[in-house]
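I wanted to look up how aromatic rings pair up in this structure, and where charged side chains sit over rings. My notes follow.

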Amino acid sequence: DNGIVIFFIFYDDSARLWATGDAVGGEEENFLRQIVRRFEHHKHLIWCIAEEYEEAFSVAHVRNVAALLRSVDKHQHIISVHKNKSLSFDEFADDDNIDTFAVQWNVTTAEELHESMVTAQRNAAGRYSLIMAEAGEFGFGGTALEKFWACAMTGSSVMALDWSFDRPDAPSDEDLEICGNLVCFFESTNFDEMTPHDELGIEATKYVLAAPGIGYIAYTSRLGGTIGLKIMSEGMYALTWFDPVTGNSLTQDPVHIPAGEQQWNRPNEFNGPVALYVCASK
């Protein structure tokens with residue numbers, strides 16, 4: 001009810017209980033069927049067949065498990081597979097039963113994460129969706145915020161694998177609010193129609209998602225400075241400014257935008273990291 005998504009992993013790293021080659025044997029089939037029946041009633045759920053699947057399973061075995069899950073699950077949840085450090089998912093790209101690539105890419109900075117997921121999105125070419133599932137430590141506070149937005153600004157979902165609530169350095173309420181703010185913002189946009197277009201950003205703009213002529217999301221982590229976009233199409237647009245830390249937003253609608261390069265001064269109350277959603281006015 002709170003919008004939390006369960007990322008359900010059947011097999012952890014190297015885990016394999018039945019040596020049945022490419023086939024799904026009777027015991028494994030029963031195991032998978034029982035788990036699906038137990039948990040499929042949860043609406044916000046993603047099945048992940050295995051973490052680092054190559055350590056235990058062939059491509060054919062993973063495909064057969066996916067086919068079984070698809071046939072058993074009455075609610076047709078998303079089915080995902082995780083790989084060990086790769087940005088390519090070509091071995092499953094043509095499989096109608098596998099929807100999402102759970103990416104592992106252990107790099108240190110937000111900028112490296114962003115560049116990696118841009119590459120992964122180009123490799124996907126719309127054939128499957130992406131979750132940044134494992135990227136080393138995300139940290140907390142501003143560090144985590146930058147990494148979350150770096151991934152989200154490629155059109156990818158993202159989670160912090162190292163966050164745990166059973167240890168002293170657990171995420172704070174403020175950390176969780178950062179996640180909630182990101183979700184609320186992106187769900188208010190048409191980001192699912194956009195692809196990475198960082199080349200359109202100017203001035204303080206760091207990352208850009210866009211469906212050119214229809215909608216744009218520009219993000220900056222800089223304090224102050226104008227937000228700018230190249231090659232805008234003339235028209236009436238709505239501009240929504242969003243504060244990733246507080247969740248505050250301000251919408252200006254309608255705004256006439258001429259063709260070509262445009263820059264906007266951020267409202268006075270938006271002095272830190274900021275996202276700007278520009279979409280055709282209704």
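I searched the whole structure, which is a predicted model, and the search returned 23 aromatic pairs.

I looked up phenylalanine 89 and tyrosine 128 to begin with: their ring centres are 5.1 Å apart and their planes stand at 70°, so I entered the pair as edge-to-face, a class that asks for over 60 degrees. Phenylalanine 89 belongs to the loop between strand E3 (78–82) and strand E4 (100–104), while tyrosine 128 belongs to the loop between helix H3 (110–124) and strand E5 (129–134), so this pair ties together parts that are 39 residues apart in sequence. I then checked exposure, and found phenylalanine 89 buried at a relative accessible area of 0%, with tyrosine 128 also counting as buried at 7%.

Tyrosine 128 came up again with phenylalanine 101, where I noted ring centres 6.3 Å apart and planes at 75°, so this pair too is edge-to-face. Because phenylalanine 101 lies in strand E4 and tyrosine 128 in the loop between H3 and E5, the pair ties together parts that are 27 residues apart in sequence. I recorded both phenylalanine 101 and tyrosine 128 as buried.

Following ring pairs elsewhere, I found that they link Trp149, Phe185, Phe186, Phe191, Tyr207, Tyr219 and Phe242 into a cluster.

My last look-up concerned charges over rings. I found arginine 38 over the face of phenylalanine 39, at 4.9 Å from the ring centre, and the charged end of lysine 147 over the ring of phenylalanine 138, at 5.9 Å from its centre.

Terms used: Residues are numbered from 1 along each chain as its sequence is written. This is a predicted model: local features need pLDDT of at least 70, side-chain atom pairs count only at pLDDT 80 or more; totals for chains, interfaces and linings use all residues. Side-chain values use heavy atoms; hydrogens and water are left out. Rings of Phe, Tyr and Trp (its six-membered ring) pair if their centres lie within 6.5 Å; planes under 30 degrees apart count as stacked, over 60 as edge-to-face and the rest as tilted. Helices (H or I, at least four residues) and strands (E, at least two) are DSSP runs, numbered from the N terminus. Buried means under 20% relative accessible area, exposed over 50%, partly exposed in between (1.4 Å probe, protein chains only). A charge sits over a ring if NZ of Lys or CZ of Arg is within 6 Å of the ring centre and within 35 degrees of the ring normal.
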